[in-house]
Amino acid sequence: MAVHPVRSAALAAGLVALAVLIATTSLPMALAERHPQLALWLYPDHPQALLTLARQERARLAAATTRAQEEAAAQEAAAQQAAAQAEQDGKTAQENPDRDGEAAPVDEAPPAESAPAEDALAQAEREHAASLAAPARTDAEDAPDEEAVPALPPAAAELPAIRAGLRDLAARIAAAAPLEPSARRLLGDTTDDLDASRQAMLDAVARSRRETVAAFWLMHQDYERKDYQGVVALAAVLIQTRPALNEYTLSYLNSLALEPEGRAALVAALVHNPGWRPLFLRSMGAKLAASDAPLALIQALKEAGSPPSEAELIPLLRARMAAEKRAEGAYNIWLQMLPAQEVLQVRPVNNLDFARDPSGLPFNWNLPRPMNAFIDLQARNDTVDGRVLRIRFGVGRIRLGAIEQVTFLRPGRYQFSGEQKGLMSSKRGMVWQVLCYPGGPVAGQSSQLMGAPRVWRPFSFDITIPNNGRCDAQRLRLFHDSRSTSEQFASGEIQFQSLQITPVEPATSGG
């Protein structure tokens, strides 16, 4: 310092400036999460510290709202009990007019039944609605006489102050960090003016699509205002950013499907084949299976030039069949979605020769996912159209499942015939079966089939479809007829081809 006083002074000034810089930037950032007040003492408007305080105040507001609701419910229950007691006293006095001045015996009022506990989602919705509610007015010129106003519960009395403090924090965050979306959402959450709240929520979503609370708030407001295009747009954002909440997001879209204007907004978005289209169609099929709304929507998609694919139809059709315990409604939906040229190719039993690949539709072959077994379709060696169904078994225990489809044979007698080949080694063989949809009775069943070495061997059995209105649809299935664990062991293979169902005679009425 004696030799270079100027250099030493410059170095000291630089060190001081560096210390100040660290104390007002890096250090507040490090303290913002755990010690926000200390961070604000170093940097009065540090955005991250203000956000930490805002989160703490938001939790305090939610807790106070819950307490206020509990206290209000307790006050209401006490008032009801007092009113019931007064009514009981009045009835007792009328029944005992000669006992003036003497306290009439009064039965104790039965305890009020406790309200059922709300589920977590309902409680969260109530808390959010309470946080958005306008605080009680305290203007002297508008307030009635104190004697005429019941005292607010202690927790309710502190809500306006908490909301005002939270609103002030949000304003400070917005001023210090204009691009911070949480500040806009907090402003909208604590502003009493609905239009101002909406603008703040819009600003929050515009700054970050991951501002979930603001997006849900806006989606609900758009639904209430019947702005269905806005609902669809915000639902698309939420599906992409918060898939964990799809159950609630899709409930809004499912509600739109029930209204003509809502369906129009959905179709306008779905024709562009967004990524959430399969998810929505699957959800709609499950939630609205018993309604005609899904059919109206997919018809509108077909008219708009974007009909649902088979993969998109399958969940809807299966949900419809499960809800109705019948197959006719789903079958009619499927027929209406088919192109005109394909409708002409529909038969009571489709793809019986396995010429087309199984699609997973209820009205085509459905292949299971077996364990220790393999199912495949092979070309025939002759000139006949169609393919061979081959089932190969590993060594040991198998689980095959059923190869099946839903059919629509008219009442009457039929003969099911085909050819089998191969050599299957097992205690019990394969069985073809026709039973009334969904679960019986059995209309026809083959014997146990084990295949035939070297040559194709024919087999057949009779089918009788009763004319009683309870067997309009059937299940045609092939399965391994094992009835215990020891009977699930199989090896070898079995093949089927030339399957036919030939009418024999119509059924008598009521048969």
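**Sheet, helix and ring contacts in the predicted model**

Strand S5 is mostly covered, with seven of its seven residues buried. The model described here is predicted, and S5, which spans residues 430–436, serves as the starting point for the account of the sheet. From this strand, Met430, Trp432, Val434 and Cys436 point one way, whereas Val431, Gln433 and Leu435 point the other way, and the residues of both groups are buried.

Strand S5 is joined to strand S8 (residues 474–480) by seven bridges, and the two strands run antiparallel. Within this pairing, Leu435 stands opposite Arg475 in S8, while the bridge partner of Trp432 in S8 is Leu478. Strand S5 is also joined to S6, in this case by three bridges and again with an antiparallel course; here Val434 stands opposite Gly444 of S6. These strands belong to an open sheet of four strands, in which the order is S3-S8-S5-S6 and the pairing is antiparallel. Strand S3 (402–407) and strand S6 (442–445) stand at the edges of the sheet, and each has a single partner strand, so one side of each is left without a neighbour in the sheet. Neighbouring strands of this sheet are turned against each other by 15° on average when direction is ignored.

The connection between S5 and S6 shows two features of the backbone. The hairpin formed by these strands has five residues between them, and in it Gly440 takes a positive phi near 130°. Pro438 is also placed in the loop between S5 and S6, and the peptide bond that joins Tyr437 and Pro438 is cis, with omega at about 5°.

Positive phi values are also found in residues other than glycine. Lys226, placed in the loop between helix H9 (212–224) and helix H10 (228–241), has a phi near 65°. Lys325, which lies in the loop between H15 and H16, has a phi near 60°. With a relative accessibility of 57%, Lys226 counts as exposed because the cut-off for this class is over 50%; Lys325 likewise counts as exposed, at 57% relative accessibility.

Among the helices, the axes of H13 (residues 277–287) and H15 (residues 310–324) come within 8 Å and cross at roughly 10°. Because angles under 35 degrees count as roughly parallel, H13 is described as roughly parallel to H15. On the side of H13 the contact is made by Arg277, Pro278, Leu281, Arg282, Gly285 and Ala286, and on the side of H15 by Glu312, Pro315, Leu316 and Ala319. Sorted by class, the contact of H13 with H15 comprises six nonpolar, one polar and three charged residues.

The structure holds 15 aromatic pairs. One of them is formed by Trp334 and Phe363, whose rings are 5.3 Å apart centre to centre and have 35° between their planes, an arrangement classed as tilted. Trp334 lies in helix H16 (residues 328–337), and Phe363 lies in the loop between helix H17 (340–343) and strand S1 (373–379), so the pair ties together parts that are 29 residues apart in sequence. Both Trp334 and Phe363 are buried. Ring pairs also link Phe354, Trp365, Phe416, Trp432, Phe459, Phe461 and Phe496 into a cluster. Trp432, a member of this cluster, is also one of the buried residues of S5, and its bridge partner in S8 is Leu478, as noted above.

A charged side chain with little accessible area was examined in strand S2 (residues 387–397), where Arg390 is located. The relative accessible area of Arg390 is 16%, and this residue is therefore buried, since the class takes in values under 20%. When its neighbours within four places in sequence are left aside, Arg390 is in contact with Phe374, Ile375, Asp376 and Gln378, and further with Glu493, Ile494 and Gln495.

Technical notes: Residues are numbered from 1 along each chain as its sequence is written. This is a predicted model: local features need pLDDT of at least 70, side-chain atom pairs count only at pLDDT 80 or more; totals for chains, interfaces and linings use all residues. Side-chain values use heavy atoms; hydrogens and water are left out. Buried means under 20% relative accessible area, exposed over 50%, partly exposed in between (1.4 Å probe, protein chains only). Contact means heavy atoms within 4.5 Å. Two strands pair if DSSP finds at least two bridges between them. Axes are lines fitted to C-alpha atoms, for helices over the stretch in contact, and angles run from 0 to 180 degrees between N-to-C directions. Angles under 35 degrees count as roughly parallel, over 145 as roughly antiparallel, 65 to 115 as roughly perpendicular and the rest as oblique. Ala, Val, Leu, Ile, Met, Phe, Trp, Tyr, Cys and Pro count as nonpolar, Asp, Glu, Lys and Arg as charged, and the others, Gly among them, as polar. Rings of Phe, Tyr and Trp (its six-membered ring) pair if their centres lie within 6.5 Å; planes under 30 degrees apart count as stacked, over 60 as edge-to-face and the rest as tilted.
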